[in-house]
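Biologist: I should be grateful for a close look at the ligand site of this model. Please describe the surroundings of the ligand in detail, and then follow the description outward into the rest of the fold.

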Amino acid sequence: MITKISTLGGYLHEYEKSVADPAKFWSKIAENFYWRKNWDKTLEWNFDEPKIEWFKGGKLNITENIFERNLFLRARQKAIIWEPNDPEEECRSYTYDELYLEVNKFANVLRDMGVQKGDRVTIYLPMIPELAVAMLACAKIGAIHSIVFAGFSARALAERNNDAKAKILITADGGFRGNKVIPLKETADEAAQMAQDIEKMIVVKRTGKEVNMMKDRDFWWEDLMQNASPSASIEVMDAEDPLFILYTSGSTGKPKGVLHTTGGYMVYAAYTFKNVFQYSDNDIYFCAADIGWITGHSYIIYGPLLEGATTIMFEGIPTFPEPDRYWKIIEKHKVNQFYTSPTAIRALIAEGEQWIEKYELKSLKVLGTVGEPINEEAWHWYHDHVGKNRCPIVDTWWQTETGGIMISPLAGIIPTKPAFATLPLPGIQPVVVDKEGNMLEGRNVEGNLCIKHPWPGMARTLWGNAKRFKEAYFSTFPGLYFTGDGVKVDEDGYYRILGRIDDVINVSGHRLGTAEIENALNEHPLVAESAVVGFPHPIKGQGIYAFVVVPDLAPDIHDELRNSLKKGVAKLISPIAKPDEIRFVKELPKTRSGKIMRRILRKIVEGSTDFGDITTLVNPEIIKDLTEN
Ligand code: PRX
């Protein structure tokens, strides 16, 4: 097991070591794991191609590090406690031993279906234990899982499957979310019509609703598991063999298939989990994210299970059946570390203090937030009402591409400051650069956040698109990994993340590309073009504002068209991408080269008239039109 840093001095010492000799630092940490063969070289890299290889030549399997590494000590300890959507339904829990057997059985099911090392498997499941079993079974046999959040539409699912070319799709007859039933199988069937690679579907029974099962293509999970053997061999993986693909939005149209590999990701997820949350043996840890996003991958499943933790998996939403569900879960399971998003906190603040007041939440030791900047008001509420002024808050900054937490306090060790992610973790070397790429050194600086040295958990490429990987992350500032975020370093050297500076918006902690939403709007036959920008939203952090050009628009169909555009976006991407506001305009502000000047649109939605330099606009007269209405 990884030894935790336990003092501020310890952190400073480790940080110094990690910068002086990163390879030596990480190789010491990697020694905590089971390797079938030791690595020949700890790190080989350059950020020009780019090429990043950690623990080269090392052989391992990540599930061996979860199970065999933990089994002797923790066979009877709970690995996963599953809390269902409906509190009346019974919780299901799995000890390390039980989970191990389930994973083995499903590994055999996949092998029987012909899945081999390197094959991709798409998983489109709600937050049920089978999701954890499916992903770990893939890892056990060396298949690459690609988990698609169960809130995505058929089109979004098909698009991701087409990119990954997965032959197997794992889904469920449906999912429960609050008082809604999500028809996942129907959506999967619709996706399969657009995703020709899908040869077989495995369907978990969750809602019991009748669904269409296509002969020779669709199989019930329960039937397949019934006769599966509980013993399965491990596929020995190279440290740099792919572990998973996770699609995320970028500033251009198509989602990017971020690829993480085995050895480095494992070391990084476990190290950051243990240190940031200061997890101790027998603690109960609860991350309220969905496994469809990177937070769930790294901090519900891989990080906690690698370190032998008991991790809670919650199927539902914070407001069902009432807005005290999180507090109920924390009391019921005596949760010690709780990790959620600023959006969830703001939504619960809006429900009123009466929902939290009656809970003492005595078990809590650490609170975490992730996904978007946390405003000071939400930070204080979290600290005072949830943490009862006792629990440190870890504001963890990271990304799908970083694999794990990058800038964050270590709970109780690094003094916190509201809205600051504070300091980089050992091994992370952030730099701030201006628009031209000049390094802004020292304190009291503001600029673009980049990282100058590789860390083991970083993405290695984009699935099937190395060129886009280079363009998106290593070309804006040559020699550096560019995060896409703005940052401010204050007088104490503390980092405050200011949010995205590219055409990506962060809605309720979900990353959405403006181009993706525009493409969906433009599919409507009446729409000539559109431009989407984010605007400050009291609960969601950012809301979605769409400017839409519809020639000859009759005034009496405005509302109808707005509704149909919102529905269209939900159908083509997901309900989370639905614009909050749609405004019909005659023209969009454009440069001579035809580029939409989103900067101006952002100012308009903020109600500002300070547009800066508009001399490059080809149609300055439209500003008047845009600001008047
Ligand atoms: O803008 C940053 C924001 O979320 C982006 C990454 O989104 P995604 O890949 O979906 O991963 C989210 C979960 C790790 C970042 O570029 N972000 C994430 N955490 C924070 C944050 N912004 C401010 N503070 C944070 N703690």
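Modeller: In this predicted model, 17 residues surround the ligand, and those that come nearest are Asp395, Thr396, Thr400, Asp485 and Arg511. By class, the shell around the ligand consists of six nonpolar, six polar and five charged residues.

Several polar contacts can be described atom by atom. Thr396, one of the nearest residues, places a backbone N or O atom 2.8 Å from a nitrogen atom of the ligand. A polar backbone atom of Gly371 likewise lies 3.1 Å from a ligand nitrogen atom. With Asp485, the side chain is involved: one of its N or O atoms is 2.6 Å from an oxygen atom of the ligand. Taken on its own, the ligand has 540 Å² of accessible area, and the protein covers 96% of this. Three elements each contribute two or more residues to the shell: helix 11 (294–306), strand 20 (393–396) and strand 25 (495–500).

Helix 11 leads from the ligand shell to the helix packing. Its axis and that of helix 6 come within 12 Å of each other and cross at roughly 60 degrees. Helix 6 and helix 11 are therefore oblique to each other. The crossing in which helix 6 passes helix 11 is right-handed.

Helix 6, which spans residues 129–141, also packs with helix 5, residues 96–112. Here the axes are 8 Å apart and the angle is about 65 degrees, so helix 5 is roughly perpendicular to helix 6. Helix 5 passes helix 6 in a crossing that is again right-handed.

Strand 20, another contributor to the shell, leads to a backbone feature. The loop between strand 20 and strand 21 (430–433) contains Ala419. Although Ala419 is not a glycine, its phi is positive, at about 75 degrees.

Two further backbone features concern prolines. The peptide bond from Glu49 to Pro50 is cis, and its omega is near 0 degrees. Pro50 belongs to the loop that runs between strand 1 (41–46) and strand 2 (51–56). Phe320 and Pro321 are also joined by a cis peptide bond, with omega at about -5 degrees. The position of Pro321 is in the loop between strand 17 (310–314) and helix 12 (325–333).

To return to the ligand, its described contacts include the backbone of Thr396, the backbone of Gly371 and the side chain of Asp485, within a shell to which helix 11, strand 20 and strand 25 each give two or more residues.

Methods: Residues are numbered from 1 along each chain as its sequence is written. This is a predicted model: local features need pLDDT of at least 70, side-chain atom pairs count only at pLDDT 80 or more; totals for chains, interfaces and linings use all residues. Side-chain values use heavy atoms; hydrogens and water are left out. A residue is near a molecule or strand if one of its heavy atoms lies within 4 Å of it. A polar contact is a pair of N or O atoms within 3.5 Å; within protein, one must be able to donate a hydrogen and the other to accept it, and residues adjacent in sequence count only if both atoms are side-chain atoms. Accessible areas come from the Shrake-Rupley method with a 1.4 Å probe; for residues, only the protein chains shown count as cover. Helices (H or I, at least four residues) and strands (E, at least two) are DSSP runs, numbered from the N terminus. Ala, Val, Leu, Ile, Met, Phe, Trp, Tyr, Cys and Pro count as nonpolar, Asp, Glu, Lys and Arg as charged, and the others, Gly among them, as polar. Axes are lines fitted to C-alpha atoms, for helices over the stretch in contact, and angles run from 0 to 180 degrees between N-to-C directions. Angles under 35 degrees count as roughly parallel, over 145 as roughly antiparallel, 65 to 115 as roughly perpendicular and the rest as oblique. A crossing is left-handed if the near helix is turned anticlockwise from the far one by less than a right angle, and right-handed if clockwise.
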